[in-house]
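Me: I'd like to practise reading an assembly like this one, feature by feature. Could you give me the general idea each time and then the case at hand?

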There are 2 protein chains.
Amino acid sequence: MATHVESRIEPRIPLSRERVLRAAVKVADERGIESLTMRRLAEELGAEAMSLYYHVANKDDVLDGIADLIVSEINDLVDQIELPAKGPDWKNAVRQRILSARQVLLRHRWAPRLLETRTTVSPAVLRYHDRLIGLMREGGFSYDLAHHALHAMGSRALGFSQELFDPGGDAGDDDATAALETMADELPHLVGMLMEVAHDDPASTLGWCDDQTEFEFGIDVILNGLDRLRETA
Amino acid sequence: MATHVESRIEPRIPLSRERVLRAAVKVADERGIESLTMRRLAEELGAEAMSLYYHVANKDDVLDGIADLIVSEINDLVDQIELPAKGPDWKNAVRQRILSARQVLLRHRWAPRLLETRTTVSPAVLRYHDRLIGLMREGGFSYDLAHHALHAMGSRALGFSQELFDPGGDAGDDDATAALETMADELPHLVGMLMEVAHDDPASTLGWCDDQTEFEFGIDVILNGLDRLRETA
DNA sequence: ACCTGAACACCGTTCAAGT
DNA sequence: ACCTGAACACCGTTCAAGT
């Protein structure tokens, strides 16, 4: 009867794969992906951990699912971008798509790392790349060059690039600067570079020091290089 | 007394941080990094899991340690490469270092993913990049351009690039090809590309489909682009 | 069809205790 | 100084049982 009353006050919405995945994104957004456990996820849904297994195969399935959900969000956004004219416009069109994808990833900071560690390919990722190839074809790429291009862009195609270390991210903070000075003997070039570059390096936006300016510099080097190859092909 | 006999037969080598980390690399090489647990690591060393904590702070410390060990292996190798002449030689020198780094990573397939997930910066990674900046400076780069260059290369500087999905890796295998054909409606460009490109795509060497040819294509696009910027700067 | 309680195997780690 | 046994908190997951 206590349960009777409870169920009146809060009528139970049934679980579903959709609800489970949306709740998982919410938990990851709010508390970080490392605190996304099956028990925590169930709690978010007002259910028990074991109930989830009726709707998803296991935790890996959840992770695959939310990775796909994020890239679907990217697809929804880039589908609204108008298609370019044939020829040299391809570059700006691709650039615009990539920067839009990046906007979505900025809302889900945990997503880049998750995307890189998933080994099963997401349908949404396939779709995203399919459209990218289409744009390049319209721009005059052979399939062969488009293939090389996808490899050259790597994760940048989806709007991020994982940095191995942060060559300037903490440079603004005084402690780090002082620490660097003590390493000047062993790391002369790195310290020299950071001293000069530190002032014009704003806060990073994604990853460790993958800030917007540097990200755009990187894709432009690649897109310009590909454009040159397209012209001479 | 049984223990007495045992200790005679197999005199106990004392543990040390060095031994722990080397054993951890061995376990990761032989059984994959996902099976590197504190208990398994201790077993490899003929000790109990709790004994490890006298020599390393925790598991994260072990992971930081083996990441650093691998990059040290890279440093040892690239230090043997002779230095280039001033000027345009920088490109080949950097290219050669990157491909040497890649050779080391091919011996430790788990290392790229580990390197990308470590958030604390390894001294060896700092040293590697310091020398890379030095080469670019000799080649005529400003510190500012060298900084952009490091970002543009990202993980490629250390010899790998994580691919988001594998545009042709399984294309050789018949099942995958058949599966692709059924997706031709939704993914026309991707399927079209793979059909054409599949035949000349050999087995991958690192990551999912990050094969040597594609990796070199990618770094060449970037290095050539940077070289052009260096000339016009 | 959908959900759950109890239980299992396996983690990383603490702490007091051994030599 | 170096190592360990017992124990704890917390995972993902199975399975039989509930409605």
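Me: Let's take the contact between chain B and chain A: how many residues does each chain put in?
Reply: Contact here means heavy atoms within 4.5 Å. By that rule chain B gives 57 residues and chain A gives 57 residues. Keep in mind that this is a predicted model, where local features need pLDDT of at least 70, side-chain atom pairs count only at pLDDT 80 or more, and totals for chains, interfaces and linings use all residues. Side-chain values use heavy atoms, with hydrogens and water left out, residues are numbered from 1 along each chain as its sequence is written, and chains are lettered from A and ligands numbered from 1 in the order in which they are written.

Me: What area is buried between chain B and chain A?
Reply: Interface size is often quoted as the accessible area lost when the parts come together. The value is computed with a 1.4 Å probe and summed over both parts. For chain B and chain A it comes to about 5200 Å², with carbon and sulfur atoms giving 68%. On the chain B side, B:Tyr143, B:His151 and B:Leu164 lose the most area to chain A, together 16% of what that side buries.

Me: And how many salt bridges and polar contacts are there between chain B and chain A?
Reply: A salt bridge needs a side-chain nitrogen of Lys or Arg within 4 Å of a carboxyl oxygen of Asp or Glu, and the count between these chains is zero. A polar contact is a pair of N or O atoms within 3.5 Å; within protein, one must be able to donate a hydrogen and the other to accept it, and residues adjacent in sequence count only if both atoms are side-chain atoms. There are 14 residue pairs of that kind between chain B and chain A, both residues at pLDDT 80 or more.

Me: Which rotation superposes chain B on chain A?
Reply: Two copies of a chain are related by a rotation about an axis plus a shift along it. Here the rotation is 180 degrees and the shift 0.0 Å, with an RMSD of 0.0 Å. The two copies are thus related as by a two-fold rotation axis. The fit is by least squares on C-alpha atoms of residues with pLDDT of at least 70 in both copies. Also, 100% of the interface residues of chain B are interface residues in chain A too, so the copies meet through the same surface.

Me: Now the DNA. Which residues come nearest to DNA strand C?
Reply: A residue is near a strand if one of its heavy atoms lies within 4 Å of it. Of the 17 around DNA strand C, the nearest are A:Ser51, A:His55, B:Arg39, B:Tyr53 and B:Lys59. Sugar and phosphate make up 58% of the strand C atoms that come within 4 Å of the protein. A polar side-chain atom of A:Ser51 sits 2.4 Å from a phosphate oxygen of that strand, while backbone polar atoms of A:Glu48 and B:Met38 are each 3.1 Å from one.

Me: What surrounds DNA strand D?
Reply: Again 17 residues, the closest being A:Arg39, A:Lys59, B:Ser51, B:Tyr54 and B:His55. For strand D, sugar and phosphate account for 57% of the atoms within 4 Å of the protein. Side-chain N or O atoms of B:Ser51 reach 2.4 Å from a phosphate oxygen, and those of A:Tyr53 reach 3.0 Å.

Me: Last one: how is chain A divided into domains?
Reply: The bounds come from an automatic or database assignment: domain 1 is 14-56 and domain 2 is 63-163 + 210-232. Their C-alpha centres are 29 Å apart. The two domains bury about 710 Å² between them, 80% of it on carbon and sulfur atoms.
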